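Thanks for asking me to look this one over. My notes follow as numbered points, so have the model open as you read.

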Amino acid sequence: MLGAADVPVSSVFIGGGTPTVLPPERLGEILRVIDGEFGLAPGAEVTVEANPETVTEQDLVHLRTHG
């Protein structure tokens, strides 16, 4: 679809249906696939929706660890 374009991804949004029900490792896997296919720009913005009623500080630490 992008042809020969070599433009790294500068923004990734994962949302809709509270993706934090996935283990942080799986979300990190998604980022690695995006990076492998397109490349992630240095300092790329990565946003993940989370339910503030169920996400814990430890969840956020794990998410950060996995990208």
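How much area does the protein expose, and what share of it do carbon and sulfur atoms supply?

1. The exposed area comes to about 5,100 Å², with 56% of it supplied by carbon and sulfur atoms. Accessible areas here come from the Shrake-Rupley method with a 1.4 Å probe, and for residues only the protein chains shown count as cover.

2. A word on the basis: this is a predicted model, where local features need pLDDT of at least 70 and side-chain atom pairs count only at pLDDT 80 or more, while totals for chains, interfaces and linings use all residues. Numbering starts from 1 along each chain as its sequence is written, and side-chain values use heavy atoms, leaving out hydrogens and water.

3. On the fold, the protein has 2 helices and 2 strands, in the order β-α-β-α from the N terminus. These are DSSP runs numbered from the N terminus (helices: H or I, at least four residues; strands: E, at least two). Along the principal axes, the C-alpha atoms fill a box of roughly 45 × 20 × 15 Å.

4. Of the 67 residues, 18% are buried (buried is under 20% relative accessible area, exposed over 50%, partly exposed in between; 1.4 Å probe, protein chains only). Among contacts (heavy atoms within 4.5 Å) with a separation of 6 or more, 80% join residues 24 or more positions apart.

5. The largest nonpolar core has 7 residues: Val-9, Val-12, Ile-14, Leu-27, Leu-31, Ile-34 and Leu-63. Strand β1 (9-14) and helix α1 (24-37) each supply at least two residues of this core. By definition, such a core is a set of buried Ala, Val, Leu, Ile, Met, Phe, Trp, Tyr and Cys residues joined through side-chain atoms within 4.5 Å. Beyond its neighbours within four places in sequence, Leu-27 is in contact with Ile-14, Pro-19, Leu-22, Val-48 and Leu-63.

6. Do look at the surface around Ile-30, a residue of helix α1. Ile-30 is called partly exposed because its relative accessible area is 35%. Together with Val-21 and Leu-22, Ile-30 forms a nonpolar surface patch of about 260 Å² accessible area.

7. Two loop positions round things off. Pro-23 lies in the loop between β1 and α1 and is partly exposed at 39%; its C-alpha is 25 Å from that of Pro-8, 15 residues away in sequence. Thr-54, in the loop between β2 (40-48) and α2 (57-65), is exposed, with a relative accessible area of 54%. The C-alpha atoms of Thr-54 and Val-21 are 9.5 Å apart, with their positions 33 residues apart along the chain.

Technical notes: Patch = residues over 30% accessible without salt bridge, like charges linked within 9 Å, V, L, I, M, F, W, Y side chains within 5 Å. Salt bridge = Lys/Arg side-chain N within 4 Å of Asp/Glu carboxyl O.
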